[in-house]
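Student: Please take a close look at one part of this model. I would like the side-chain contacts there, with the setting around them.

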Amino acid sequence: MARQEFKFVGRNVHRVDGIEKVTGKAKFTGDIRIPGMLYGRILRSSYPHARILNIDSSRAEALPGVSTTSFPRPWGWTRRSPKARR
């Protein structure tokens, strides 16, 4: 059986961004800060395979800095914006 030659497997590959990553100069998406940027959080159920009948997001919406809450409904996603109701 003939030995197959690969382009990258078993060979040294020059990484274009290697020096930037090693020296800490590389920019990642987590390093980017834009004025007015929003951050997201995901809260998962602590009960696997549970049937969720109701989600009360009023406590989360009352927190300072909360822009909106989103959660799935049986018929599709629902987005509630506390700022829009004020």
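Tutor: Here is the part around Glu61, followed by its setting in the chain.

This is a predicted model. Start with Ser57. The residue sits in the loop between helix 1 and helix 2 (58-62). Its side chain and that of Glu61 are joined by a polar contact of 2.9 Å. Is Ser57 buried or exposed? Ser57 has a relative accessible area of 6%, so it counts as buried, the cut-off being under 20%.

Now turn to Thr69. This residue belongs to strand 1 (residues 69-73). The Thr69 side chain makes a polar contact with the side chain of Glu61, at 3.1 Å. Thr69 is buried too, because its relative accessible area is 11% and the cut-off is under 20%. The Glu61 side chain thus has polar contacts with the side chains of Ser57 and Thr69.

Next, the setting. The protein chain has three helices and two strands. Along the sequence they run α-α-β-β-α. Of the 86 residues, 9% are buried. Among contacts with a separation of 6 or more, 9% are between residues 24 or more positions apart. The accessible surface is about 9200 Å², and carbon and sulfur atoms hold 56% of that.

Last, confidence. Mean pLDDT for the protein chain is 80, with 81% of residues at 70 or more. Among the elements, helix 1 (residues 18-23) has the highest mean, 90, and helix 3 (residues 82-85) the lowest, 52. Where pLDDT is low, predicted coordinates should not be read in detail.

Terms used
Residues are numbered from 1 along each chain as its sequence is written. Side-chain values use heavy atoms; hydrogens and water are left out. pLDDT is the predictor's confidence in each residue, from 0 to 100. Helices (H or I, at least four residues) and strands (E, at least two) are DSSP runs, numbered from the N terminus. Buried means under 20% relative accessible area, exposed over 50%, partly exposed in between (1.4 Å probe, protein chains only). A polar contact is a pair of N or O atoms within 3.5 Å; within protein, one must be able to donate a hydrogen and the other to accept it, and residues adjacent in sequence count only if both atoms are side-chain atoms. Contact means heavy atoms within 4.5 Å. Accessible areas come from the Shrake-Rupley method with a 1.4 Å probe; for residues, only the protein chains shown count as cover.
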